[in-house]
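User: I should like to learn how to read metal sites and charged pairs in a model. Please take me through the case shown here.

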Amino acid sequence: MLEERPLVGWSDVANSDEIAETIRKNKRSAIVWAWILTLIFPVGFLLAGLLSDEVPLNEALIIGAALGFFILIINVWRIAGMKKPAWNGVVMKKIEKRRDVHDRDDGSTRSYWEYIVLIRTEKGKKKRIVERERDREMYDYLDVGDRVRYHPALETYEKYDKSKDEVMYCNVCRLRNSIHNDRCDRCKNLLFK
Ligand SMILES: [Zn+2]
C-alpha cells in the first residue's frame, strides 16, 4: 500500500525512475512504428506496381515514396515534440464548434462537433486541445481556471488540483481511472498524483 498522495499539486510521479523507464519504452515503440508506417506505402505501392497491370511501376514508386516521405516528416516532427520540456498553463476558455464537411461526390454535407480547450501557458503562449464528438474527455475533465501541465514525452495533461474530482486520466495510456486508484487499471503505471 502506497502512502496517501496529495490531490493538490504537481505529481512527483512524472520524475520517478519508473515513469522515466516507461517513457523510454514509449519512445522506442514510437520510433519503431514510425519506421513501419514510413515503409508501408513505398512497399505497398511497389508491390502494386509489380503485381498489377493497371498500375504503372514508375507512378507507383513515386506515389509510394511521396506518401512514405510525408509520413516520415509527420513522425519526425512528433518524436521531436516528445523531447520538449513540460509546460504549465491555465484553461482560459472552452468552445464547442460545429464543423461541416462537404462530400464532393454526392454534394451532401455532414457535420460534427469539435470541442476545444484554450490554454494560456506561463510564458503567455496559447495552446489548444481539440477533440471531436464522443472523444471529448479533456473537454469534460478540464474547467476554466484549472491549472494544467502538459507532459510532451507522454503527450498527456495533468491537472494541478484533483481534489474535487472523482476520476483522473492515466498519463501513460489515457484510461479514465477512479481518483482512489494508485495505479492505472489497464497499463498498471502509476497515476500522476
Ligand atoms: Zn494506463
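Analyst: The metal site is discussed before the charged pairs. This is a predicted model, in which local features need pLDDT of at least 70, side-chain atom pairs count only at pLDDT 80 or more, and totals for chains, interfaces and linings use all residues. Residues are numbered from 1 along each chain as its sequence is written, and side-chain values use heavy atoms, with hydrogens and water left out.

User: Which residues are the protein donors of the zinc ion?

Analyst: Donors are N, O and S atoms within 2.8 Å of the metal (3.2 Å for Na, K and Ca). Here the SG atoms of Cys170, Cys173, Cys184 and Cys187 lie 2.3 to 2.4 Å from the zinc ion. Their spacing in sequence is C-x2-C-x10-C-x2-C. Cys170 is buried (under 20% relative accessible area; exposed is over 50%, partly exposed in between; 1.4 Å probe, protein chains only), at 1%, and Cys184 is likewise buried at 1%.

User: Why is the arrangement around the zinc ion tetrahedral?

Analyst: Ideal angles are 109.5 degrees for four tetrahedral donors. Four donors count as tetrahedral if all angles lie between 85 and 135 degrees; the angles here are 101 to 116°, so the zinc ion qualifies.

User: How many salt bridges does the structure hold?

Analyst: A salt bridge is a side-chain nitrogen of Lys or Arg within 4 Å of a carboxyl oxygen of Asp or Glu. The structure holds 10. One of them joins Arg99 to Glu114, with closest N and O atoms 2.9 Å apart. Arg99 is partly exposed at 31%, whereas Glu114 is buried at 8%.

Notes
Four donors count as tetrahedral if all angles lie between 85 and 135 degrees; four count as square planar and six as octahedral if opposite donors are over 155 degrees apart and all others between 65 and 115; anything else is irregular.
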